[in-house]
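User: I would like to go through this model by asking why each label applies. Please set the values against the definitions.

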2 protein chains.
Amino acid sequence: MNTDETTAGHLQELRRGTVVLACLVRLRTPDYGYALLESLNALGILVDANTLYPLLRRLEKQGLLTSEWNTDEARPRKFYRTSPTGVELADTLMTDWRRIDDALAGLTDGDES
Amino acid sequence: MNTDETTAGHLQELRRGTVVLACLVRLRTPDYGYALLESLNALGILVDANTLYPLLRRLEKQGLLTSEWNTDEARPRKFYRTSPTGVELADTLMTDWRRIDDALAGLTDGDES
């Protein structure tokens, strides 16, 4: 593995868990996959369709998202929404994220002193 | 998969990449495995020996850590230190972490407004 591949691998590992968290937070307001993808990328949560769409199906299977078809428009679209269980998990993950963020800040401060 | 297992899985995924980052930052000051483990756990980076020790060997193999034996004491200990490449990766990961943190903050603010 060269340095670029190593860096890419570690970046991917760092990002992976945060995409789940971002989806669960964002989908407290229901939306369909493509709109979610665009809004996450606009915010700086980098994810592509090949990763996001299977993830949405996995989160639905785990009971963290619910979905329904919106047939008001010519082309039906599947809307996802974070379930109560998903909201609970999002809170748990966000608390953990804050804890880790504090820990990393502690490490960096210690290093500078 | 029940809810506890789902939560545990997502928490693990969120934490995984951050352990690498924490090791690379912390080992800018050389230390041996057990001392690193204790200081990370004390800071709130939760990791166990069965995860950390193989990770240290993997990071060394990737050229992100260097190691040397300290034989001053009765029992020789392997000291790890972050390599220049590792310091560079730590900076890259920390920048990405900050970017994701801002994005998540943006999502949470948007939700509250």
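Analyst: Chain A has an open sheet of three strands in the order β1-β3-β2, with antiparallel pairing. Strands, like helices, are DSSP runs numbered from the N terminus, a strand being E over at least two residues and a helix H or I over at least four. The model is predicted, so local features need pLDDT of at least 70 and side-chain atom pairs count only at pLDDT 80 or more, while totals for chains, interfaces and linings use all residues. Residues are numbered from 1 along each chain as its sequence is written, chains are lettered from A and ligands numbered from 1 in the order in which they are written, and side-chain values use heavy atoms, with hydrogens and water left out.

User: What makes β1 and β2 of chain A edge strands?

Analyst: β1 (31-32) and β2 (65-70) of chain A each have a single partner strand, so one side of each has no neighbour in the sheet.

User: How do you know that β1(A) pairs with β3 of chain A?

Analyst: Pairing requires that DSSP find at least two bridges between two strands. β1(A) and β3(A) (residues 77-82) are joined by two bridges and run antiparallel, which therefore meets the cut-off of at least two. A:Y32 lies opposite A:F79 of β3(A), and A:D31 has A:Y80 in β3(A) as its bridge partner.

User: What supports the pairing of β2(A) with β3(A)?

Analyst: Six bridges, in the antiparallel sense, link β2(A) and β3(A). One of the bridge partners in β3(A) is A:R77, which is that of A:N70. A hairpin of six residues leads from β2(A) to β3(A).

User: Why are α2(A) and α3(A) called oblique to each other?

Analyst: The axes of α2(A) (residues 33-43) and α3(A) cross at roughly 125° and come within 10 Å. Axes are lines fitted to C-alpha atoms, for helices over the stretch in contact, and angles between N-to-C directions run from 0 to 180 degrees. Angles under 35 degrees count as roughly parallel, over 145 as roughly antiparallel, 65 to 115 as roughly perpendicular and the rest as oblique. α2(A) and α3(A) are therefore oblique.

User: What is the handedness of that crossing, and which residues make the contact?

Analyst: The crossing of α2(A) past α3(A) is right-handed; the near helix of a right-handed crossing is turned clockwise from the far one by less than a right angle, and anticlockwise in a left-handed one. A:G33, A:Y34, A:L36, A:L37 and A:L40 of α2(A) meet A:A49, A:L52, A:Y53 and A:L56 of α3(A), where contact means heavy atoms within 4.5 Å. By class, these residues are eight nonpolar, one polar and no charged. Ala, Val, Leu, Ile, Met, Phe, Trp, Tyr, Cys and Pro count as nonpolar, Asp, Glu, Lys and Arg as charged, and the others, Gly among them, as polar.

User: Which residues join α1(A) to α2(A), and how do the helices cross?

Analyst: The axes of α1(A) (residues 3-26) and α2(A) come within 11 Å and cross at roughly 115°, and the crossing is right-handed. A:A22, A:C23 and A:R26 of α1(A) make the contact with A:A35, A:L36, A:S39 and A:L40 of α2(A). That contact has five nonpolar, one polar and one charged residues.

User: How do you know that the two copies are related as by a two-fold axis?

Analyst: Copies are superposed by least squares on the C-alpha atoms of residues with pLDDT of at least 70 in both. Chain B falls on chain A after a rotation of 180° with 0.0 Å of shift along the axis, at RMSD 0.0 Å. The two copies are thus related as by a two-fold rotation axis. The same surface serves both, since 100% of the contact residues of chain B recur in chain A. B:L14 is the residue of chain B that comes closest to the axis, with its C-alpha at 3.7 Å.

User: What holds for the sheet of chain B?

Analyst: In chain B three strands form an open sheet, β1-β3-β2, with antiparallel pairing. β2(B) and β3(B) (residues 77-82) are joined by six bridges, and B:W69 stands opposite B:K78. β1(B) and β3(B) pair over two bridges, with B:F79 the partner of B:Y32.
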